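Trainee: I would like to learn how to read the features of a model one at a time. Can we start with the overall make-up and then go to details?

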Amino acid sequence: MHDAQGYRPACEHRSGPFRASLQKTSQVPYASSSLLQQLFHPRQSETQNRQHQPQPPLMLQSCARDPERQIYSAVKNRLSLQRQVFSHSSTPDGRLQEGDLHALPDPWIMVIIAGFYSALHVDKKSKERNVFFVDLTRVTDPQAGSHGSTDSNYIERRGCTGMMSGIHTGTDTPSGPGVRLTRIIATIGPASADIETISNMIRAGMDIARLNLSHGSLEQHQATMTMIRHVARDLGRQVAVMIDIPGPKLRVRSLPESDRDLSLHEKVILSADPHNDEIGIGPADYIPVVCEGDAILLADGAVLLRVTCVGENICAEVVSGGSIRMGAGVVIPGRRPDIPYANDELVKNLSFAAELNPDFVALSFVGSAGDIIVVRSILSEKQVQIPLIAKIETKNAVDLFDEILAAADGIMVARGDLGVELPIACVPYVQKEIIRSCNKAGKPVITATEMLESMVEHGRPTRAEVADVANAIADGTDATMLSAETSIGKDPARAVRMMAEIACETERHLPYHKILDERRLWHETGPSGIISYSACYLANELESRAIVAFTRSGITAERVSRCRPGNPILAITPDEQIARRLLIRWGVIPCIHTPIHTADELFFIALELAKERDLITSGDRLIIIAGNFAGVQGRTNMIKVQNVP
Ligand SMILES: Nc1ncnc2c1ncn2[C@@H]1O[C@H](COP(=O)(O)OP(=O)(O)OP(=O)(O)O)[C@@H](O)[C@H]1O
Ligand SMILES: CC(=O)C(=O)O
């Protein structure tokens, strides 16, 4: 039966067991019981096996660069649970036969894998078997797969509505020099909050603009956010906005002048209620916990004081002099009052963020998972859900990192404060550990502060700064962040350009095969995770130029990104906010497109959008993954190697 557009619903004409599998599983022949025993263990034991037994080689060594065999082997080896099903159902040379099907009684799992070209009108002429669908469904639950959706309903099986209809003709091409995979976050401040500078920063490669509520007024930030959205739209580029919320950080709250120079041995008074020449600090709760002899570090450790007496105010002597500004951070190592994370200021700032609805909210001075939960509930009372990035900048947060990682949507290694809260020599190692844990958990991680610090004043960074950026990328950071370089620096766009150049050059040398191999045990164990991992494997093996991930929720693209393929991931999604939120993920180039209804349309759009973004040329290969075919909604279950005509 054909629909109005003349397309047969996918799979409709397939005969026998395949059709049965989509409708009534009871008609399907059972596999032999010995096969059953060999094949199916509870999921838990699969995980245990993965951990304790040596894994089979990832790829059949005999597989040349033949897409069909590569796909087969990649998927087969990852779906180790179903290994025998594939072997059993394939021809002696390892090729799959169309219509392969094995169904097993409750509570076992039914597996379908098929070379699908004829059913979906794909590659009919070339007869290339380069599309495979992997489908795992609980036999007794016809609804299985429709929950916990990643791509639910994205690809509706209704027929083509016009292939070009949804293509945005804007010029949102990959940013920066070449196709960069590392994301760049740049802080907007007095040096950059104007249309021209923001345009130049976007052109230079800014993916995410950070507005730090610790400085400037809310009105200024609101105006800046509006400006960023307008400029991004005018340039046809996706740019996300991150609002950074101050936590209960002790800061300089008032000074007699905007800047103050503190000289060696000078006696100063720090007060919650300052008079004359005193330095105002707050919150006031810190003052009673300070003791004589304590060190006080100001402005990220640039200035050091020693406490000489404490009463209503703190008296101190300058041990290492320098200049301080309004809003400068004040750190008293080892002293922290027991005050709740949520206070009136936090609620006010979150209300502001909720109104602006940025793409990310970064939380300063998070001390535990509970702090993140509190913020999430404040935001959900305001009917908004914004990904929360926990800034790790205290010893407490390092100690409780695992629970913070579990509660947050992403992590920032906020080295400015971390470097004064911890002995500074500990920062590089802690940074590496944090990045690795985030990579393992599949959560995005940002490395921040002083990355190109000398560019605040100068046109070039130091060699050490360049190496710092390159090393963070090699360690697995998703994003690098510029702070003072772009907020108060001499040439914000130049700093972004420099960051982009370092990233591009570093990315050319990363050992992607080795990285992927290491991540073999890190991806999710379900079919969607396996397909995503396999896409990266194929991209590496077949030297494809890009991976195209069709994704409604963004999760499919995130899964691919966490495997760190060596080429860009074109994430095609109908949702503008999802597109912007993907900008924090390594390698993802988000692209907005209206929902797609047929496989033919899907492959066509993948090629068009990849070409439009200069990701591919004739003779290249694309790896395409998508979900929601074969009548089962809600997960990535298709993988295709697409030759570029
Ligand atoms: N909107 C602004 N208005 C005034 N000064 C700003 C503004 N934004 C940043 N700055 C200045 O630029 C410096 C770097 O900015 P950034 O926001 O990146 O600092 P930071 O170290 O992350 O801030 P924090 O003090 O929250 O740790 C700040 O210390 C501040 O002096
Ligand atoms: C980014 C930030 O807040 C820090 O490094 O402390």
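Mentor: The protein chain has 21 helices and 25 strands; helices (H or I, at least four residues) and strands (E, at least two) are DSSP runs, numbered from the N terminus. This is a predicted model, in which local features need pLDDT of at least 70 and side-chain atom pairs count only at pLDDT 80 or more, while totals for chains, interfaces and linings use all residues. Residues are numbered from 1 along each chain as its sequence is written, and chains are lettered from A and ligands numbered from 1 in the order in which they are written.

Trainee: What share of the residues in the protein chain is buried?

Mentor: A residue is buried if 20 or more other C-beta atoms lie within 10 Å of its own, exposed if 12 or fewer, and partly exposed in between, with C-beta atoms placed from the backbone. Of the 645 residues in the protein chain, 47% are buried. Contacts add to that picture: two residues are in contact if their C-beta atoms, placed from the backbone, lie within 7 Å. Among contacts between residues at least 6 apart in sequence, 70% join residues at least 24 apart.

Trainee: How should I read a single helix, say H14, and which of its residues are buried?

Mentor: Begin with its length. The expected span of a helix is 1.5 Å times one less than its number of residues. H14 (residues 463–475) has 13 residues and reaches 18 Å from first C-alpha to last, close to the expected 18 Å. Its buried residues are Glu465, Asp468, Val469, Ala472 and Ile473. Seen down the helix axis, these fall within an arc of 130°, so they line one face of H14; the arc is that of the directions from the helix axis to the C-beta atoms. Arg463 and Ala464, on the other side of H14, are exposed.

Trainee: What covers the buried residues of H14, and what follows the helix?

Mentor: The cover includes strand S19 (445–448), strand S20 (479–482) and helix H16 (492–508). After H14 comes Gly476, with a positive phi near 115°.

Trainee: Now sheets. What is the strand order of the open sheet of seven strands?

Mentor: Strands of a sheet pair through backbone hydrogen bonds, either parallel or antiparallel. Here, two strands pair if DSSP finds at least two bridges between them. The open sheet of seven strands has the order S7-S10-S9-S13-S12-S11-S15, and its pairing is mixed. Its edge strands, S7 (251–254) and S15 (330–331), each pair on one side only.

Trainee: How do S12 and S13 pair?

Mentor: They are antiparallel, over six bridges, and form a hairpin with three residues between the two strands. Leu304 stands opposite Ser320 in S13. S12 (residues 303–310) is also joined by four bridges to S11 (residues 295–298), again antiparallel, with Ile296 opposite Leu305 in S12. S13 (residues 314–320) pairs with S9 (residues 267–271) in the antiparallel sense over four bridges, and Lys267 stands opposite Glu317 in S13.

Trainee: Which strands pair with S16 in the parallel sense?

Mentor: S6 (residues 240–245) does so over four bridges, and S17 (residues 388–392) over three bridges. Asp244 has Ala362 in S16 as its bridge partner, and Leu363 has Ala390 in S17. Within S16 (residues 360–363), Phe360 and Ala362 point one way and Val361 and Leu363 the other, and all are buried.

Trainee: Which residues surround ligand 2?

Mentor: A residue is near a molecule or strand if its C-beta atom, placed from the backbone, lies within 6 Å of it. For ligand 2, the shell holds Ser364, Lys391, Glu393, Ala414, Arg415, Gly416, Asp417, Ala448, Thr449 and Ser483. Helix H12 (residues 415–421) gives the most, with three residues. For classes, Ala, Val, Leu, Ile, Met, Phe, Trp, Tyr, Cys and Pro count as nonpolar, Asp, Glu, Lys and Arg as charged, and the others, Gly among them, as polar. This shell divides into two nonpolar, four polar and four charged residues.

Trainee: How many residues surround ligand 1?

Mentor: There are 16, the closest being Gly189, Asn212, His215, Gly216 and Ser483. H12 and helix H15 (484–487) are the elements that give two or more residues to this shell. By class, the shell around ligand 1 has three nonpolar, 11 polar and two charged residues.
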